[in-house]
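Got the structure open in your viewer? Good, let's take a walk through it, one selection at a time.

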There are 2 protein chains.
Amino acid sequence: MSVGIRHDDLRRRNRAMVIAAVRRAGQPSRTEIAATTGLSHSTISAISSDLIGEGILTESKPSEAGSLRRGRPQVGLSLNPEAAAVMTVVLSLNFLSVAVIDYAGQVISEEQRRLDTQTMSRDALIGECVGIVRRRLEDPDLDVRSVARIALAIQGITDTHARAMLWSPITPHTDIAFADILEDEFGIPATVENDCNMMAIALRWRDPDRYRDDFIAILLSHGIGMGLVLKGELFTGTHSSGGEFGHMIHQPNGALCRCGRRGCVEAYAGNYAIWRNARQLGEDAEPVADVSDADMRALATAAREKDGPEREAYRKAGEALGYGLGSLFALIDPAPVAMVGVSAAAFDLIEPALREAIAQTAGGQHSKSISFDTEPNELPLIREGCAMRALTFVDQEIFAPGAQARGSVVGKNVA
Amino acid sequence: MSVGIRHDDLRRRNRAMVIAAVRRAGQPSRTEIAATTGLSHSTISAISSDLIGEGILTESKPSEAGSLRRGRPQVGLSLNPEAAAVMTVVLSLNFLSVAVIDYAGQVISEEQRRLDTQTMSRDALIGECVGIVRRRLEDPDLDVRSVARIALAIQGITDTHARAMLWSPITPHTDIAFADILEDEFGIPATVENDCNMMAIALRWRDPDRYRDDFIAILLSHGIGMGLVLKGELFTGTHSSGGEFGHMIHQPNGALCRCGRRGCVEAYAGNYAIWRNARQLGEDAEPVADVSDADMRALATAAREKDGPEREAYRKAGEALGYGLGSLFALIDPAPVAMVGVSAAAFDLIEPALREAIAQTAGGQHSKSISFDTEPNELPLIREGCAMRALTFVDQEIFAPGAQARGSVVGKNVA
DNA sequence: TCTATTTTTTCGAGCCTCGAAAAAATACTG
DNA sequence: CAGTATTTTTTCGAGGCTCGAAAAAATAGA
């Protein structure tokens with residue numbers, strides 16, 4: 001049920017709008033902000049003068065090209081790096097990494113460590129996460145009070161409210177309420193995000209021309225994940241992070257999937273599935289725990305060299321991904337796709353079968369026009385997305401308080 | 001890119017909010033409206049007095065229970081039926097129906113006719129639609145000027161902007177810009193909507209407790225269609241009405257579908273597919289043009305009587321629907337489902353295989369808790385949904401002008 | 001008839017945005 | 001180098017909107 005707009009919400013929302021405009025544009029002048037937001041110059045002037053007074057924005061040198069033009073030069077507005085800081089925690093298979101990022105988006109400090117997520121106890125896993133955050137917060141160079149938010153990205157399913165990990169392939173434990181744990185421990189607001197969703201957000205910031213309102217980010221790694229942006233908003237399930245593309249059914253009663261079920265897309269296109277098929281172990285073979293990136297690269301090299309089981313394994317992966325995408329396109333219409341992860345480096349081996357499969361589906365009519373991009377390294381993307389996510393929260397909640405708390409319609413912007 | 005909120009948008013949006021509250025609640029008092037919208041009593045008082053002055057709302061008798069209570073009795077506000085009227089046109093296989101509906105939602109007049117949509121020329125089809133609308137508009141009892149909008153619902157794919165039918169199984173012709181045609185002819189704003197989306201909207205109005213923020217309406221008819229409401233908003237594709245559940249892939253390279261491709265869910269669960277399997281014609285048999293409702297009912301009766309090819313046909317349909325829903329649930333999480341259309345009357349034959357299939361999928365963990373409801377008659381639903389759609393447009397655009405025109409975030413409410 | 005209670009309206013205060021005009025800051029021009 | 005043109009930014013008053021508090025209205029009970 002939507003709710004009325006109160007008078008004081010107005011300023012809050014427009015403040016948030018101005019901050020968002022500065023974050024997107026880098027160093028826009030007041031005039032540019034007025035143009036992009038549609039608000040009047042006087043309003044922008046008032047709001048930005050407030051924000052500068054509060055230490056959220058700073059005036060910087062006029063933008064470059066300005067020196068050639070006549071008239072009063074534009075004054076660029078930029079985010080004050082010291083206004084706040086956020087922390088990102090990325091938890092993936094056997095790997096934990098954390099970074100502190102200033103309000104302008106620059107990394108201040110970071111730390112990474114390997115750990116054995118699959119065998120760790122629940123408490124040990126939580127302990128590692130809390131510990132690594134604590135060490136960063138104890139950094140003498142860092143003003144602890146400035147850390148306004150923690151965003152934890154995890155491979156796996158999270159709940160809609162971004163409070164907990166519900167299930168993850170990296171650990172046997174389920175339902176870990178990381179957000180509550182971190183908030184209780186440090187008194188800093190925290191959220192738990194799905195890794196592929198963060199990839200999507202990062203892609204949007206990196207290349208807003210290509211990844212604007214509708215696009216798909218697919219993680220081709222040990223498992224298959226997806227981040228989906230539709231109509232400018234991150235798509236999530238009704239109760240969880242959703243978008244479990246890897247567990248759409250490719251072949252009823254087909255190959256054994258890591259999730260215990262049969263015939264999922266992942267059971268053909270995940271690293272373990274490609275490995276299994278390349279080694280000709282049969283579709284019922286228990287998925288191996290992990291395949292190293294080096295092994296996957298070797299597999300791809302072998303597949304490129306001669307037509308053998310390796311090549312066939314990639315073909316099957318392409319077919320599964322193609323039919324899966326075809327079904328997805330039946331629901332949402334075709335959109336640009338980013339293939340991310342180690343197997344994205346082998347996309348040349350996957351693409352032919354994938355395109356052939358898509359051509360057999362409802363999305364097939366535009367098969368040729370569907371564009372794929374590849375990015376072999378998912379970790380930097382996840383980190384960036386996480387950082388932008390956290391910063392956007394700070395923008396909207398801390399510096400424009402209340403704008404979100406009311407109306408159900410507001411503030412669904414992706415990062 | 002979202003846009004700032006201007007000062008004059010405020011009143012417009014809150015006016016729209018008040019109108020919406022009255023439409024939903026029936027005869028709410030000003031106090032109730034204040035409670036549901038979160039606005040102050042003074043604001044509601046001012047807005048409703050404006051709306052009454054403009055003839056949009058009327059004061060009606062105090063609500064029933066009020067007479068027993070102490071204090072000044074509440075005055076119910078209701079929609080003025082004469083404030084406007086809308087027209088719905090429903091075009092389905094071999095059938096055209098039109099209705100004029102007053103602002104309060106009551107049918108004023110209607111007309112229906114059979115026609116052979118599959119063989120008609122493009123011009124004849126358009127001519128029939130224009131003609132039936134013209135006849136209604138010429139009704140002497142009707143004040144033509146009051147018709148504020150026409151909504152045309154069609155079985156098939158429409159574009160995102162609700163301007164045109166892109167493709168439909170009921171006619172070989174494609175890309176018919178019905179909205180432009182009707183607007184040019186009658187000078188009344190028109191939209192073109194997907195039939196299953198209208199079903200979803202109608203279900204929401206009929207039973208807002210069950211069908212609130214997240215649910216699925218599936219049409220089991222000659223073809224398989226879907227209307228999807230997620231997070232309170234109608235889900236559409238990026239370029240079309242989308243949600244082509246019937247053309248998700250159930251079995252790669254499987255049974256021949258009416259769309260010319262293979263293995264779609266519809267190729268197992270559409271009327272023609274059930275018919276084909278029951279008659280044991282093989283999966284490559286050309287889909288028949290139409291199967292009468294009577295024939296389908298006979299098929300269901302036969303299936304209930306003995307275990308033969310008819311029962312097996314329904315089992316296969318259930319399996320395809322189950323795996324399809326499983327894949328859908330992987331993306332959006334499970335949600336309540338309404339099965340609509342003639343085969344919904346045979347849901348007892350479909351359900352066992354359907355539930356078994358879902359249990360094999362990612363949604364399967366909650367298999368038992370997924371609830372299905374059935375409604376054998378789709379036409380009334382489509383009509384109702386269409387009417388509510390058109391009325392909501394009038395509410396938002398005519399009586400609260402500008403509220404939509406700006407911000408990209410606003411007014412995405414379903415019906 | 002009077003009092004208690006509830007709904008609705010009225011009224012002034014406080015914000016917010018807007019447009020127009022003024023002020024500020026620069027490039028061009030002769 | 002002073003004056004003019006141009007562009008950006010700020011200032012200021014007008015108009016609107018919502019809100020809270022108080023008043024008015026309308027009824028049930030005593």
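A polar contact here is a pair of N or O atoms within 3.5 Å; within protein, one must be able to donate a hydrogen and the other to accept it, and residues adjacent in sequence count only if both atoms are side-chain atoms. Before you click, know that this is a predicted model, where local features need pLDDT of at least 70, side-chain atom pairs count only at pLDDT 80 or more, and totals for chains, interfaces and linings use all residues. Residues are numbered from 1 along each chain as written, chains are lettered from A and ligands numbered from 1 in written order, and side-chain values use heavy atoms, leaving out hydrogens and water.

**Stop 1: DNA strand C**

Select A:N14 and DNA strand C. A polar side-chain atom of A:N14 sits 2.8 Å from a phosphate oxygen of that strand. Now add B:R30, which also places a polar side-chain atom 2.8 Å from a phosphate oxygen of DNA strand C. B:Q74 does this too, at 2.8 Å.

Next, show everything near the strand (a residue is near if one of its heavy atoms lies within 4 Å). You should get 28 residues, the closest being A:H7, A:T43, B:T31, B:S45 and B:V75. Which part of DNA strand C accounts for 72% of its atoms within 4 Å of the protein? Sugar and phosphate do.

Colour that surface by class: four residues are nonpolar, 15 polar and nine charged. (Ala, Val, Leu, Ile, Met, Phe, Trp, Tyr, Cys and Pro count as nonpolar, Asp, Glu, Lys and Arg as charged, and the others, Gly among them, as polar.)

Switch to cartoon. Helices (H or I, at least four residues) and strands (E, at least two) are DSSP runs, numbered from the N terminus. From chain A, α1 (7-25) and α3 (41-53), and from chain B, α2 (30-37) and α3 (41-53), each give at least two residues to the surface near DNA strand C.

**Stop 2: DNA strand D**

Hop over to DNA strand D. Of the 28 residues around DNA strand D, A:T31, A:S45, A:R72, A:Q74 and B:T43 come nearest. Zoom in on A:Q74, where a polar side-chain atom lies 2.7 Å from a phosphate oxygen of the strand. Then pick B:S40: an N or O atom in its side chain is 2.8 Å from a phosphate oxygen of DNA strand D. For a contact with a base, select B:R72, whose backbone has an N or O atom 3.2 Å from a base nitrogen of DNA strand D.

**Stop 3: the sheet in chain B**

Select β5, β4, β3, β6 and β9 of chain B. In that order, these five strands form an open sheet with mixed pairing (two strands pair if DSSP finds at least two bridges between them). At the edges are β5 (107-114) and β9 (190-194) of chain B, each pairing on one side only. Strand β6 (residues 147-154) of chain B pairs with β9(B) in the parallel sense, over five bridges. Click B:L152 and you'll find B:V192 of β9(B) opposite.

**Stop 4: one arginine in chain A**

Last, select A:R136, in helix α4 (residues 122-137) of chain A. Is A:R136 buried or exposed? A:R136 is buried, with a relative accessible area of 16% (buried means under 20%, exposed over 50%, partly exposed in between, using a 1.4 Å probe and protein chains only). Show its contacts (heavy atoms within 4.5 Å): leaving aside neighbours within four places in sequence, A:R136 touches residues including A:M87, A:V98, A:E110 and A:L142.
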